[in-house]
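Colleague: I would like to take a close look at a single part of this model, and then see how that part sits among the rest. Please go slowly, since I am in my first year.

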Amino acid sequence: MKLSILDYVPIFEGRNAYDAFNHSITLAQTAEQLGYTRYWVAEHHNVFSVASSAPEIVMMMLLEQTQTIKIGSGGVMLPHYSAYKVAEQFRIMEARHPNRVDMGLGRSPSFKQVNEALNEFKSTKPNLDNQIEDLLHYFSNKYEAPHRFMSIKATPEIDTSPQMFILGMSERSAELAAQKGLPFVIAFMGQSQTKINSLIEYYRKRYKQLNDISKSNEPYVIMSTFVVTANTLNKVDDLLDALHLWLLRINYLNQPKSYPSINTAQKRNYSTSERNKIEQNKSRVISGLPKDIHLKLTYLLNTYQVDEIMIMPHVYGEQARLELIQLVANNSL
């Protein structure tokens, strides 16, 4: 089974961003030793409990402290930014660490005011399709058709390019990935099996229609999912308590200032509506003892015919996260 990791870089209760970065470096180094394929960093703005507001900077930290594992963004929300500037950032990382840089691209607008702040002074809304085409131009520095910025190049000039991926959960994103001949990354968030299968089948069909297929150029699907495991069911339940409190509060105005501890989560009194929401969120998380996790990940792999699973070890505590990726690797890699 091909496994990777998506990290939110959580700031645990009683810790700070400095601690979070140091721990993510340790986690990435451990993932490399265990044989994970890639280690990606999410992009979240105005979320106080994670330190991943600028994934490109975190990526460079991780690249400098690892040797072989691919490091990527999961992802860069491209419509907020200049494709030219993003190309330069990733070219610098690729120049320093050739063939190790992944660029996951998405379109999430984030919170309303975050969107406004990131797009202040823009007169038009960028088109993601055009921006991706721009990135392809900037990475190759070749223009098959006239381009509005043909007189400039994204620097530094290098011989390799980051590998690009499209993140999404809609047919629109699947179509874009297929049109550009790029891998497609879909999040498992409790959607129906029919919906997920339909989307993946659509991507694969359109990819084959639009691209010359060879062994080096085939449709490729990664599925990401929250995973919670530990050596005992009691520990799994404890970790789930904290995760579900985080998931519950993350989109509220009074969101947590840090990732809540297990103790804080277990002292919390929930309203009926909050308990209902927690029940709904359970479908977003794969949990259980390590052997159960292996069976569930194998089920995802076979049911949806995906090429790779990207786990999100978003649980409370440095040791718990290290143990989680170790247990998953021991049973599934």
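Is Met 59 buried or exposed?

Modeller: Please keep in mind throughout that this is a predicted model. Met 59 counts as buried, because its relative accessible area is 0%, and a residue is called buried when that value is under 20%. The residue is found in helix H2, which covers residues 55–64. Leaving aside its neighbours within four places in sequence, Met 59 is in contact with Ile 71, Gly 72, Ser 73, Phe 90, Met 93, Val 101 and Asp 102. The last of these, Asp 102, is 43 residues away along the sequence, yet the two C-alpha atoms are 9.6 Å apart in space.

Asp 102 leads us on to charged side chains, since salt bridges that share partners join Asp 102 with Arg 38 and Glu 308 into one network. Glu 308 in turn appears among the residues that Met 223 touches, and if residues up to four places away in sequence are not counted, the others are Ile 186, Phe 188, Ile 196, Ile 200, Leu 300, Tyr 304, Val 306, Ile 309 and Met 310. Met 223 also has a place in the largest nonpolar core, which holds 103 residues, and it is one of the five that touch the most other members, together with Tyr 36, Leu 135, Leu 297 and Ile 311. Helix H8, residues 233–249, gives the most to this core, with nine residues. As a general background, nonpolar side chains in soluble globular proteins tend to be buried together.

Helix H8 also takes part in a salt bridge, for the side chains of Glu 274 and Arg 249 meet at 3.2 Å, N to O. Glu 274 lies in helix H10 (residues 272–281) and Arg 249 in helix H8, so this pair ties together parts that are 25 residues apart in sequence. Both Glu 274 and Arg 249 are buried.

In total, the count comes to 13 salt bridges, and two further ones show how the surroundings of such pairs can be described. The side chains of Lys 180 and Glu 133 meet at 2.6 Å, N to O, and they link helix H6 (residues 171–180) with helix H5 (residues 128–140), the two residues being 47 apart. Lys 180 counts as buried because its relative accessibility is 16%, whereas Glu 133, at 30%, counts as partly exposed. In the other salt bridge, Lys 153 and Glu 157 meet at 3.4 Å, N to O; here Lys 153 is partly exposed, with a relative accessible area of 43%, and Glu 157 counts as exposed at 56%.

A useful contrast is Glu 43, in the loop between E2 and H2, because this residue is buried and yet has no salt bridge. The nearest side chain of opposite charge, Lys 122, is 10 Å away, and a salt bridge requires the nitrogen and oxygen to be within 4 Å. The side chain of Glu 43 does, however, make a polar contact with the side chain of Tyr 81 at 2.5 Å, and one of its polar atoms lies 2.9 Å from the backbone nitrogen of Met 77. Both partners are also among the residues that Glu 43 touches, a list including Ser 52, Pro 55, Gly 74 and His 80.

Finally, let us turn to the aromatic rings, where the count comes to 10 pairs. Tyr 8 and Phe 226 form an edge-to-face pair, with 6.0 Å from centre to centre and 65 degrees between the planes. Tyr 8 lies in the loop between strand E1 (3–7) and helix H1 (17–34), while Phe 226 lies in strand E7 (residues 221–228), so the pair ties together parts that are 218 residues apart in sequence. Tyr 8 and Phe 226 are both buried. The rings of Trp 40 and Phe 165 are also edge-to-face, because their planes stand at 75 degrees, with the centres 4.9 Å apart. This pair joins strand E2 (residues 38–41), where Trp 40 lies, to strand E5 (residues 163–167), where Phe 165 lies, so parts 125 residues apart in sequence are tied together. Trp 40 counts as buried at 0% relative accessibility, and Phe 165 is buried with a relative accessible area of 0%. Ring pairs also link Tyr 8 and Phe 226 with Phe 12, Trp 246, Tyr 259 and Tyr 316 into a cluster.

Technical notes: Residues are numbered from 1 along each chain as its sequence is written. This is a predicted model: local features need pLDDT of at least 70, side-chain atom pairs count only at pLDDT 80 or more; totals for chains, interfaces and linings use all residues. Side-chain values use heavy atoms; hydrogens and water are left out. A nonpolar core is a set of buried Ala, Val, Leu, Ile, Met, Phe, Trp, Tyr and Cys residues joined through side-chain atoms within 4.5 Å. Buried means under 20% relative accessible area, exposed over 50%, partly exposed in between (1.4 Å probe, protein chains only). Helices (H or I, at least four residues) and strands (E, at least two) are DSSP runs, numbered from the N terminus. Contact means heavy atoms within 4.5 Å. Rings of Phe, Tyr and Trp (its six-membered ring) pair if their centres lie within 6.5 Å; planes under 30 degrees apart count as stacked, over 60 as edge-to-face and the rest as tilted. Lys and Arg count as positive and Asp and Glu as negative; His and the chain ends are not counted. A polar contact is a pair of N or O atoms within 3.5 Å; within protein, one must be able to donate a hydrogen and the other to accept it, and residues adjacent in sequence count only if both atoms are side-chain atoms.
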